[in-house]
Structures are given as C-alpha cells and as structure tokens.
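Grab a pencil and work through these exercises with the structure open beside you. Try each task before you read its solution.

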Amino acid sequence: IELVNQTYCRKSEEIIPADQVDQEAARLCFYPDFAETQLEMLIELLDGILKRHTSVKPTHIVGHSDIAPQRKIDPGPRFPWQRLYRLGYGAWYDDDAVFKYWELFRQELPDALTLQTALHDYGYKIDINGENDEQSQNVIRAFQMHFRPWEVDGEFDAETAACLFALLEKYYPKKLDRLQS
C-alpha cells in the first residue's frame, strides 16, 4: 500500500522530496502528520486485506524504510504505527517488557554483533559484521522511525535495544532465546 505524505527535506537552500534524498547528505527532514481521511482509508483497506489473507502476521505490516533502510525513509516517524497496532494492525511491544530490558541495557548495552543479529532476527535486512557502520545506522534509524519515533538518531542505545528485545520476546521468543544463550 502506498501512502503519500508531504514529507520533504532541505539541503542548504534546496528543497528535495524525501524519497530523493541521499542518505549520506547533510539534510533536515520535515514529517507532517498524515491526513485523518487517509488513515481511515488505510484502516479500511488493511481490514479487507487481512480478512482475505489470514496468514499475514502483525510483523509483516511494515513500511518502505523497514524493507529498504539503505534507500528509503518513508513513511517516516509521524506514521501512527502504535495507533494501527491498537486497532489490530501491525506489531508493537509491551511497555513492561521494554522497561525490563531497558533496566538491563542501561547497565550494559549488548555489543554491535548482538544488536545486528537481533535486528536481523526481527526481519531487518542487515549485514551482520559486528561493526556500528553506516548500514547499521540506517537500519537502526528505520527501526526507530517505526518503534521509537520520538527520538530518531540512528544510534544503538538502551531504549532502542530494549524496544527491539521486547519485540523479539513478543513475536519471536525462540529467536530471542537463541540470541540470549
């Protein structure tokens, strides 16, 4: 499903559509709210799709940036993922689980290899190399736009890791067990 929002970025004095911005370029992006009528139509469309295709799992409802984090930044941090989850569409974490992992990771953050593996296990395309490199930062940024939109910086931190591990616990517990063993 393609939703169009008026997301745009500025690079110096030049205004560039967000989907045409080079990930590496210095830029400032603006993400306006999605129109309520657009979201209502999306919910109706999702409802019909999920009724016809019962094998679609909550973790299969993703955005461009989740699928292609090296190239895409849409739908951006203003997309209402949590609202959709509350209506029965898509995935979201449980707050208690995030708090549990946040307390753990404030003391010691997992290494880059573990965090890359966790992102991969959740479904993000990432080369697992143990480096906090540009591709990792792009994937983290995509994850944050989806699951921690109030602070999108592309950096692994305790809160991002806690959200990720809480999602694994909820949707992929066997992968989490393997990751923690």
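**Exercise 1. A salt bridge and its network**

With which residue does Arg148 form a salt bridge, and how far apart are the closest N and O atoms?

*Solution.* Keep in mind that you are looking at a predicted model.

Step 1: Start with the general idea. Side chains of opposite charge can pair when their charged atoms come close.

Step 2: Find the partner. Arg148 pairs with Asp153, and their closest N and O atoms are 3.7 Å apart. The cut-off for a salt bridge is 4 Å, so this pair counts.

Step 3: Check how covered each partner is. Arg148 has a relative accessible area of 0%, so it is buried. Asp153 has 30%, so it is partly exposed.

Step 4: Look for further links. Arg148 and Asp153 belong to a network of salt bridges that also includes Asp157 and Glu159.

**Exercise 2. Bridges between distant parts**

How many salt bridges are there by this rule? Then work out which parts of the chain are linked by Asp33 and Arg78, and which by Lys170 and Asp94.

*Solution.* Step 1: The count comes to nine salt bridges.

Step 2: Take one of them, between Asp33 and Arg78, where the closest N and O atoms are 2.5 Å apart. Asp33 sits in the loop between β3 and α1, while Arg78 sits in the loop between α2 and α3, so this pair links distant parts of the chain, 45 residues apart.

Step 3: Compare their accessibility with the cut-offs. Asp33 counts as exposed because its relative accessibility is 52%, and exposed means over 50%. Arg78, at 42%, is partly exposed.

Step 4: Now take Lys170 and Asp94, whose side chains meet in a salt bridge at 3.1 Å, N to O. Lys170 is in helix α7 and Asp94 is in the loop between α3 and α4, so the pair ties together parts that are 76 residues apart in sequence. Both partners are partly exposed: Lys170 has 28% relative accessibility, and Asp94 has 39%.

**Exercise 3. Checking a helix against the ruler**

What span should helix α6 have at 1.5 Å a residue, and how far apart are its end C-alpha atoms? Which parts do its buried residues pack against?

*Solution.* Step 1: Helix α6 covers residues 134-147, which makes 14 residues. The rule multiplies 1.5 Å by one less than the number of residues, so α6 should span 20 Å.

Step 2: Compare that with the model. The end C-alpha atoms of α6 are 20 Å apart, which agrees.

Step 3: See how covered the helix is. In α6, 11 of the 14 residues are buried, so you can call the helix mostly covered. Among them are Val139, Ile140, Phe143 and Phe147.

Step 4: Ask what they pack against. The buried residues of α6 pack against α2, α3, α5 and α7.

Step 5: Try helix α1 (residues 36-52) too. Its 17 residues should span 24 Å, and its end C-alpha atoms are 25 Å apart, which agrees. Its buried residues include Leu39, Leu42 and Leu46, and α3 is among the parts that cover the buried residues of α1.

**Exercise 4. Rings that meet**

How do the rings of Tyr124 and Phe143 pair: stacked, tilted or edge-to-face?

*Solution.* Step 1: The structure holds 13 aromatic pairs. In this one, the ring centres of Tyr124 and Phe143 are 6.0 Å apart and the planes stand at 70 degrees, so the pair is edge-to-face. The cut-off you need here is over 60 degrees.

Step 2: Place the two residues. Tyr124 is in the loop between α5 and α6, and Phe143 is in helix α6, so the pair ties together parts 19 residues apart in sequence. Both residues are buried.

Step 3: Widen the view. Ring pairs join Tyr124 and Phe143 into a cluster with Trp92, Tyr93, Tyr122, Phe147 and Tyr172.

**Exercise 5. Two residues of one strand**

Are Cys29 and Phe30 buried or partly exposed?

*Solution.* Step 1: Cys29 lies in strand β3, and Phe30 is in strand β3 (residues 28-30) as well.

Step 2: Cys29 has a relative accessible area of 17%, so it is buried; the cut-off is under 20%. Phe30 has 32%, so it is partly exposed.

Step 3: Look at the surroundings. Leaving out residues up to four places away in sequence, Cys29 touches Tyr8, Cys9 and Ile73. Phe30 joins Tyr8 and Leu28 in a nonpolar surface patch of about 260 Å².

Note on methods. Residues numbered from 1 in each chain as written. Predicted model: local features only at pLDDT ≥ 70, side-chain atom pairs only at ≥ 80, totals over all residues. Heavy atoms only, no water. Patch = residues over 30% accessible without salt bridge, like charges linked within 9 Å, V, L, I, M, F, W, Y side chains within 5 Å. Areas by Shrake-Rupley, 256 points an atom, 1.4 Å probe, with all protein chains shown as cover. Helix = DSSP H or I, 4+ residues; strand = E, 2+ residues; numbered from the N terminus. Buried < 20%, exposed > 50% of the residue type's maximum accessible area, 1.4 Å probe, protein only. Contact = heavy atoms within 4.5 Å. Phe/Tyr/Trp six-rings, centres within 6.5 Å; stacked < 30°, edge-to-face > 60°.
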